[in-house]
Amino acid sequence: MIPADERAELARRYLAEVSATGVEQLPPTVLMREVAELRRLLGQVLAVLAERQDEARQLAEIRAVLAAFDWERDDRQYALETVERIVTGPAPQLDSELWTCRSCGGQFIGRRPADDRCRYCAGGAR
Ligand SMILES: [Zn+2]
């Protein structure tokens with residue numbers, strides 16, 4: 001994929017180039033070609049924008065994880081895995097998944113709770 005900055009720069013350059021001529025001075029065939037190219041470039045710029053928004057959301061989520069993290073007491077491995085999940089997207093939730101309770105270390109198969117605590121450690125029925 002072309003880097004984001006390059007895609008935006010291509011659109012900027014093309015727009016500057018075609019803007020030198022007023023649309024009313026252009027024959028329909030040239031205008032049509034221009035519209036097609038502008039549509040393509042607009043699509044690329046919007047894709048860049050969507051990528052940036054996604055990155056900004058991930059960054060905000062990672063900052064929240066770090067802000068809530070207690071370096072003395074919290075599980076660093078768990079924090080790293082949480083950050084990794086934010087960056088790579090949610091792991092598929094399989095019903096046959098093997099998971100470890102992060103409180104008692106017990107191993108379980110099946111639906112994994114969001115906080116990685118078994119129902120005994122979470123307290124109360126699930
Ligand atoms: Zn447990």
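**Exercise 1.** In which loop is D116 found? Then work out how exposed D116 is, and what stands out about its phi.

*Solution.* Keep in mind that you're looking at a predicted model.
- Step 1: find the loop. D116 sits between β2 (107–109) and α4 (119–122).
- Step 2: count neighbours. D116 has 18 other C-beta atoms within 10 Å. Buried takes 20 or more, and exposed takes 12 or fewer. So D116 comes out as partly exposed.
- Step 3: check the backbone. Most residues other than glycine have a negative phi. D116 isn't a glycine, yet its phi is positive, near 60 degrees.

**Exercise 2.** Is L49 buried or exposed? Say which helix holds L49 too.

*Solution.*
- Step 1: place it. L49 belongs to helix α2, which covers residues 28–68.
- Step 2: count again. L49 has 12 C-beta neighbours inside 10 Å, so it counts as exposed.
- Step 3: look at A8. In sequence, L49 and A8 are 41 residues apart, while their C-alpha atoms are 9.6 Å apart in space.

**Exercise 3.** Describe the overall build of the protein, starting from its helices and strands.

*Solution.*
- Step 1: list the elements. There are four helices and two strands, and along the sequence they run α-α-α-β-β-α.
- Step 2: compare with a globule. The radius of gyration is 25 Å, well over the 14 Å the globule rule gives for 126 residues, so the protein is more spread out than a compact globule.
- Step 3: check the box. Along the principal axes, the C-alpha atoms fill roughly 75 × 35 × 25 Å.
- Step 4: look at burial. Of the 126 residues, 0% count as buried.
- Step 5: split into domains. The domain assignment gives domain 1 (4–91) and domain 2 (92–126), with centres 36 Å apart.

Definitions and conventions:
Residues numbered from 1 in each chain as written. Predicted model: local features only at pLDDT ≥ 70, side-chain atom pairs only at ≥ 80, totals over all residues. Domains from an automatic or database assignment. Rg over C-alpha atoms; globule rule 2.2 N^0.38 Å.
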